[in-house]
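Dear colleague,

I am handing over the structure below, and my notes on it follow directly after. Please read them alongside the coordinates.

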Amino acid sequence: MKKLYVVGLGPGDEQNMTGRALAALEESEVIVGYTAYVDLIRARYPEKAFLATAMRGEVERCRMALEAACGGRTVAVVSSGDAGVYGMAGLVYELAQGYDPIDIEVVPGVTAACSGAALLGAPLIHDFAVISLSDLLTPWELIERRLDAAGRADFCICLYNPASRRRADYLRRACDILLRSRAPETVAGLVRNAGRAGESARVLTLGELREAQADMFTTVFIGNSQTKKLSGGMVTPRGYRDA
Ligand code: SAH
């Protein structure tokens with residue numbers, strides 16, 4: 001049967017890729033992805049065919065991959081982090097319905113919540129919610145409702161897509177919603193370019209986060225009411241019993 005891998009590349013460096021991801025890329029003849037991610041791996045596989053599309057070309061990218069797979073070549077669609085977390089895995093399944101039967105195999109990767117958490121210490125040890133601030137595919141009102149609900153339920157919160165040039169003030173707006181239910185002293189973290197050149201991690205407070213700069217390469221962490229700064233790191237206790 002025709003084979004299509006959907007591969008999570010992890011944050012960016014080879015050391016943070018899984019053995020299965022490396023094996024799937026090795027086996028594939030064609031690698032399809034967003035230009036920036038394809039560029040992370042292109043040099044490693046000079047013999048492969050690469051098909052790259054710009055940022056919002058997800059549907060086109062999936063179709064290119066499905067057509068290459070139907071043509072009999074083994075194909076890998078790549079996403080950063082995990083392909084099932086704001087990645088391509090769902091779209092591949094949806095669009096594959098219009099093609100010959102294809103054996104789709106999703107290969108998990110280290111998502112930004114996990115690579116970023118490791119750089120900060122242990123911020124997500126207890127229950128946490130992951131929310132994307134991108135309103136390209138989700139209405140902003142729904143994002144606000146989820147932020148408010150996660151804040152009130154005392155989840156640790158991990159924010160993906162916290163800002164872009166078009167959405168410069170979204171992080172500030174998100175912080176204002178969380179400040180309804182959480183103190184300004186709540187411990188927070190900012191991770192930029194995990195596993196890539198220019199990697200940085202910073203622990204700060206929710207009040208400071210409101211004034212901070214973030215971009216599309218940043219993942220944001222907001223602790224729950226128990227989260228502490230310990231040895232310079234952001235640490236959430238395992239539970240509430242001894243708090
Ligand atoms: N599938 C990816 C997420 C894609 S959404 C994953 O599982 O990680 C894109 C968002 O992910 C970015 O705006 C940023 O918030 C986060 N992100 C992805 N890679 C990152 C990295 N190396 N360092 C910090 N944040 C990252």
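How many nonpolar, polar and charged residues does the shell around the ligand have? The shell has ten nonpolar, seven polar and two charged residues, where Ala, Val, Leu, Ile, Met, Phe, Trp, Tyr, Cys and Pro count as nonpolar, Asp, Glu, Lys and Arg as charged, and the others, Gly among them, as polar.

Before going further, please note that this is a predicted model, in which local features need pLDDT of at least 70 and side-chain atom pairs count only at pLDDT 80 or more, while totals for chains, interfaces and linings use all residues. Residues are numbered from 1 along each chain as its sequence is written, and side-chain values use heavy atoms, with hydrogens and water left out.

The ligand is surrounded by 19 residues (each with a heavy atom within 4 Å of it), of which Val85, Thr111, Met216, Thr218 and Thr219 come nearest. Both domain 1 (3–107) and domain 2 (112–235) contribute residues to this shell, so the ligand lies between them; the domain bounds come from an automatic or database domain assignment.

Turning to individual atoms, a polar side-chain atom of Thr111 lies 2.7 Å from an oxygen atom of the ligand, and a polar side-chain atom of Thr219 lies 2.7 Å from a nitrogen atom of the ligand. The protein buries 93% of the 540 Å² that the ligand exposes when taken alone, with areas from the Shrake-Rupley method and a 1.4 Å probe.

As for the cysteines, the count of disulfides (pairs of cysteine sulfur atoms within 2.5 Å) comes to zero. Cys70 is in no disulfide, the nearest cysteine sulfur, that of Cys62, being 13 Å away.

Finally, there are three aromatic pairs, meaning rings of Phe, Tyr and Trp (its six-membered ring) with centres within 6.5 Å, where planes under 30 degrees apart count as stacked, over 60 as edge-to-face and the rest as tilted. Among them, Tyr34 and Tyr37 are edge-to-face, because their ring centres are 5.1 Å apart and their planes stand at 90°, whereas Tyr86 and Tyr160 form a tilted pair, with 5.1 Å centre to centre and 55° between the planes.

Best regards

How values were computed:
Polar contact = N/O pair within 3.5 Å; in protein donor to acceptor, adjacent residues only side chain to side chain.
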